[in-house]
Every structure is written in structure tokens, then in C-alpha cells.
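Here is a short briefing to read alongside the structure. Take a moment to find the ligand, then follow the bullet points topic by topic.

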Amino acid sequence: MSFPVHRPRRRRRTEPLRGLVRETRLTSSGLVYPMFAVPGTGVRREITSMPGIYQQSVDKLVEECREVAELGIPAVLLFGLPEHKDEVASEASSPDGAVQRAIQAIRKAKLKLIVITDVCLCEYTSHGHCGMIHDGEVLNDPSLTALADAALSHARAGADIVAPSDMMDGRVGAIRKRLDENGFQDLAILSYAAKYSSAFYGPFREAAQSTPQFGDRRSYQMDPANAREAFIEVGEDLAEGADIIMVKPALAYLDVIRRVRERFDVPVAAYNVSGEYAMVKAAATNGWIEEKRAVLEVITGIQRAGASIILTYHAKDIARWLKNGE
Ligand code: PBG
């Protein structure tokens, strides 16, 4: 059938009609809001390259969590900065670390929030790499113990989900084993399964002060040119016990999100990363794009590609817009 019998524009005449036939419907129920916990009290420092996003001490972070919960966002993702960095990321598993205390404080405040924690070493190492170093190489197997230690410390503090983002081989299995041995068999793992070595993490590295002091992350994060390799990474993480898998970043990898979604029957998350946020913010601040439309279009695209969970720094704005029926 074709024109003039067929006129696709009939379905686009009014907003109620467009709403009726809409294929992708945004809700707040799949949103995750990333946050940065730092030591101290009364600290709330805006990240220059991420307007609207702050490094916060636990007291301030909990205040914002209250707002997040009230907006109907179901989950937060916590990153932490230590008091001191060292070669072996000692503070990553400290029970008094900023992340561990933030989890406890959110629990104590009885907020209706799923607490997800990022499990990685790069914020805690003096060299800024996601694992242990020897002779300028990032070692795989010796890093697994430290990652499992960190995950267990988050579990003990009361996390609901741990999310390893380091890209060491075997980390999901090592974390699963350690959690199970300690009675946390019901705690889920969201693995950053297909995490690419990306320029779009730039602003995050300011936020987490985690820029590698030498070299880059290409020996452990994936090559942006590879999509089939994502199936290997996702398959292995699932075999090791991952409950939810993630593709990261989102926008330059929508094909990977789609293909992973078609191939695996587990929930797929996508991370709309710091650089993607910064680009929209910068253009909107200059009046070059309309922020709300651009953000909703980006999020719709990520969901349409196949992600049912979206981690995004825009989460509060999106929830507000959806709440007001905009
Ligand atoms: C830690 C980690 C990074 C991000 C999440 N976890 C940075 C990196 O791998 O360099 C990036 C998040 C973002 O850019 O928003 N390994």
C-alpha cells in the first residue's frame, strides 16, 4: 500500500494522537542518578565540566538523595573519593570510606532508593589506574582481591547492587564468590560489561580525580571499533553471575546496546556518560540547542536502542519534566 491510500501524517496530526501511537515511552522508573561522595562535612563543590553535579560530603549527599527519591527516581549510583590515595587502593574497602558512610546514611534516613555502588580502584590509586601496577603494567589477577574487598565493604554497609567498572577479567566471578561466602547471595551485580576506552569520560575524571598518571586505559577497556567483542564480554560476565549488564558510553554505542539487547535476555543498562552530559550542557548554555528537547531525545534514543535502565546525570531534570507532564 502506498500514497494516497497511505498517509503516515494522519497519525501525527495532534499531540494526543502522537502519544497514542508512540513506540518508546519514557518513565522515571528506569533512571539511575550518579553521585560523588567525598570526605568531610558540609562540602558541596560543583564540578566545573558538569554543571549541576557536585562532589559532596555524606551529609549533603543525603540531602540531595531525599530530593532524588521525592522525584520518583528509583536508584542512585555512588562513587567515592578517599582521604589518601596509594599504590594499592587501600581506602577502597575502608568501612569508614565516603561511599560506605554514604550508603549507611541513606539507609539510616530510610529513603526509598536502590543504592548501587561503583566498584573500581581508580579513584583510590595514586597512579589512577583501575588495578594493581607492576613495572608499568596493570595486573589482572592481583586486582581481583582488592575489587572483591571493595564490593564486600559496600555490601556490609548496606548496598543493594554492586557495579564493577574496572574491566579486569574475572572480576564478576571474584565478587560473586566473595559476596556469597559472606552471606550476600541476594545482592545483585550490575556489571559494566561492555565498557569502552572512551574520550567521553573526560569530565568524570575531574569529578573523581581519577586520571591515569601514566598511559591510558586501553589495555583493559574495550576498543571503540569492536562490537562483536562486546558479546564475549557480556557472555562471560553473565556466566560469572552478573544480574544486569551495561554498555558504556551510550551515544556512540547505540548499535552495541541494540545488538546486546537482541542477543541476551537480561536487563540491559546504558550509561549516558559525563562527556555526553557536558556536551549537551555546554551547547545549551550557549543557546545552541534546546536543553530539554535535546535531553529527552537522547534518552529516548538510548531506550529505543534497547536499554531499559539508563544511568544519567540528567536524571533529576528528566524526572521533573515527566512529573510535570511536559
Ligand atoms: C571508573 C569509572 C569511570 C566512569 C565510571 N566508572 C571512568 C573511567 O573508566 O575512566 C565514567 C563515568 C562517566 O564518564 O560518566 N573506572
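A polar side-chain atom of K195 lies 2.7 Å from an oxygen atom of the ligand, which fits the rule for a polar contact (a pair of N or O atoms within 3.5 Å). The protein covers 100% of the 400 Å² of accessible area that the ligand has on its own, with areas taken from the Shrake-Rupley method with a 1.4 Å probe. Please keep in mind that this is a predicted model, where local features need pLDDT of at least 70, side-chain atom pairs count only at pLDDT 80 or more, and totals for chains, interfaces and linings use all residues. Residues are numbered from 1 along each chain as its sequence is written, and side-chain values use heavy atoms, with hydrogens and water left out.

**Around the ligand**

- Two nitrogen contacts can be found as well: a polar side-chain atom of D118 lies 3.4 Å from a nitrogen atom of the ligand, and a polar side-chain atom of S165 lies 3.4 Å from a nitrogen atom of the ligand.
- The ligand is surrounded by 18 residues, and the closest are K195, R205, K248, S274 and Y313; a residue is near if one of its heavy atoms lies within 4 Å.
- This shell divides into ten nonpolar, three polar and five charged residues.
- The ligand sits in the largest cavity. A cavity is a set of points on a 1 Å grid over the protein atoms alone where a 1.4 Å probe fits but cannot get out, and a molecule sits in it if more than half of its atoms lie within 2 Å of its grid points.

**Aromatic pairs**

- There are eight aromatic pairs, counted when ring centres of Phe, Tyr or Trp (its six-membered ring) lie within 6.5 Å.
- The rings of F79 and F204 have centres 4.9 Å apart and planes at 70°, so this pair is edge-to-face (planes over 60 degrees apart).
- F79 belongs to strand β4 (residues 75–80) and F204 to helix α6 (residues 202–207), so the pair ties together parts 125 residues apart in sequence. Helices (H or I, at least four residues) and strands (E, at least two) are DSSP runs.

**Backbone features**

- Most residues other than glycine have a negative phi, and most peptide bonds are trans.
- The peptide bond from K248 to P249 is cis, with omega near -10°, and P249 is in the loop between β10 (244–248) and α8 (254–263).
- A89 has a positive phi, near 55°.

Notes. Polar contact = N/O pair within 3.5 Å; in protein donor to acceptor, adjacent residues only side chain to side chain. 1 Å grid on protein atoms, 1.4 Å probe; cavity = no way out; pocket = protein on both sides within 12 Å on 5 of 7 lines; lining within 4 Å. Nonpolar A, V, L, I, M, F, W, Y, C, P; charged D, E, K, R; others polar. Phe/Tyr/Trp six-rings, centres within 6.5 Å; stacked < 30°, edge-to-face > 60°.
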